[in-house]
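Subject: Structure handover

Hello,

Here is the structure I promised to pass on. Please open it alongside this note.

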Amino acid sequence: MLTHEKLQEACDAVTDGLKEYPHLSEAVYQRALQLELQERGYTVEAEVVMPVTYKNMQVGTVRADLIAHPHRNTEDGWRETAIELKRAPKITQNHIDQLCTYMALCARQNAGVNHGAVVNFGVSPAEIHFVDGVRFWNELNASRSRSRSRSRSRSPGHEDVKSW
């Protein structure tokens with residue numbers, strides 16, 4: 001599993017290796033982090049395209065920056081991590097929400113993403129915000145349940161839209 005500590009070490013290596021080049025783009029950090037994680041034994045996919053559907057029709061796509069997983073199955077199953085890279089003054093709630101959208105879309109595709117991380121190379125050392133998959137799914141399911149209850153009480157006969 002890609003832990004916070006292991007990801008921080010990889011980010012520190014990238015920051016150190018690129019420190020003489022100020023103001024690099026997110027794309028440069030993305031490729032460097034992909035290489036660093038691969039050297040550390042992870043399989044890493046970049047720019048993973050995920051379809052967005054509405055009423056069973058694809059209406060667009062989004063791209064997750066990186067999806068990392070170990071080369072082998074761990075005791076508790078594949079522990080994949082979605083990684084959203086930023087180069088900003090700080091991590092914002094919008095960045096975290098973007099990551100959560102990717103995690104939800106991965107779940108819909110049974111992609112096995114158990115964790116997520118927003119990595120911000122706009123500060124040194126790189127700032128990381130981890131999102132625990134189990135907690136995220138519990139909160140998401142609770143929020144859906146509340147939403148369904150409210151919609152049923154407001155509009156009798158309304159059929160719930162099939163959730164993710």
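How many aromatic pairs does the structure hold? It holds 1. Bear in mind that this is a predicted model.

The pair is Y29 with F121. Their ring centres are 4.6 Å apart, and the planes meet at 10 degrees. Planes under 30 degrees apart count as stacked, so this pair is stacked. The partners come from distant parts of the chain, 92 residues apart. Y29 belongs to helix α2, while F121 sits in the loop between β4 (113-120) and β5 (127-132).

That loop has another feature. P125 lies in the loop between β4 and β5. The peptide bond joining S124 and P125 is cis, with omega at about 0 degrees. For context, most peptide bonds are trans.

Now the helices. Helix α1 covers residues 4-17 and helix α2 covers residues 26-39. Their axes come within 9 Å and cross at roughly 125 degrees. That angle makes α1 oblique to α2. The crossing is right-handed.

Which residues make the contact between α1 and α2? From α1 come L7, A10, C11, A13 and V14. From α2 come Y29, A32, L33, E36 and L37. By type, the residues of this contact are 9 nonpolar, no polar and 1 charged. Y29 thus turns up twice: in the helix contact and in the aromatic pair.

Look also at the loop between α1 and α2, where H23 is placed. H23 is not a glycine, yet its phi is positive, at about 65 degrees. Most residues other than glycine have a negative phi.

On to the strands. Strand β1 (residues 42-54) pairs with strand β2 (residues 57-70). The sense is antiparallel, and the pairing runs over 12 bridges. E45 faces I67 of β2 across this pairing, standing opposite to it. The hairpin of β1 and β2 has 2 residues between the strands. There, K55 takes a positive phi near 50 degrees.

What does β2 pair with besides β1? β2 also pairs with strand β3 (residues 80-86), in the antiparallel sense, over 3 bridges. L66 stands opposite I83 in β3. When you look along these strands, remember that in a regular strand the side chains alternate between the two faces of the sheet.

To find your way around, start at Y29 and F121, the stacked pair. Then follow α2 to its contact with α1, and finish at the pairing of β1 with β2.

Best wishes

Notes: Residues are numbered from 1 along each chain as its sequence is written. This is a predicted model: local features need pLDDT of at least 70, side-chain atom pairs count only at pLDDT 80 or more; totals for chains, interfaces and linings use all residues. Side-chain values use heavy atoms; hydrogens and water are left out. Two strands pair if DSSP finds at least two bridges between them. Helices (H or I, at least four residues) and strands (E, at least two) are DSSP runs, numbered from the N terminus. Axes are lines fitted to C-alpha atoms, for helices over the stretch in contact, and angles run from 0 to 180 degrees between N-to-C directions. Angles under 35 degrees count as roughly parallel, over 145 as roughly antiparallel, 65 to 115 as roughly perpendicular and the rest as oblique. A crossing is left-handed if the near helix is turned anticlockwise from the far one by less than a right angle, and right-handed if clockwise. Contact means heavy atoms within 4.5 Å. Ala, Val, Leu, Ile, Met, Phe, Trp, Tyr, Cys and Pro count as nonpolar, Asp, Glu, Lys and Arg as charged, and the others, Gly among them, as polar. Rings of Phe, Tyr and Trp (its six-membered ring) pair if their centres lie within 6.5 Å; planes under 30 degrees apart count as stacked, over 60 as edge-to-face and the rest as tilted.
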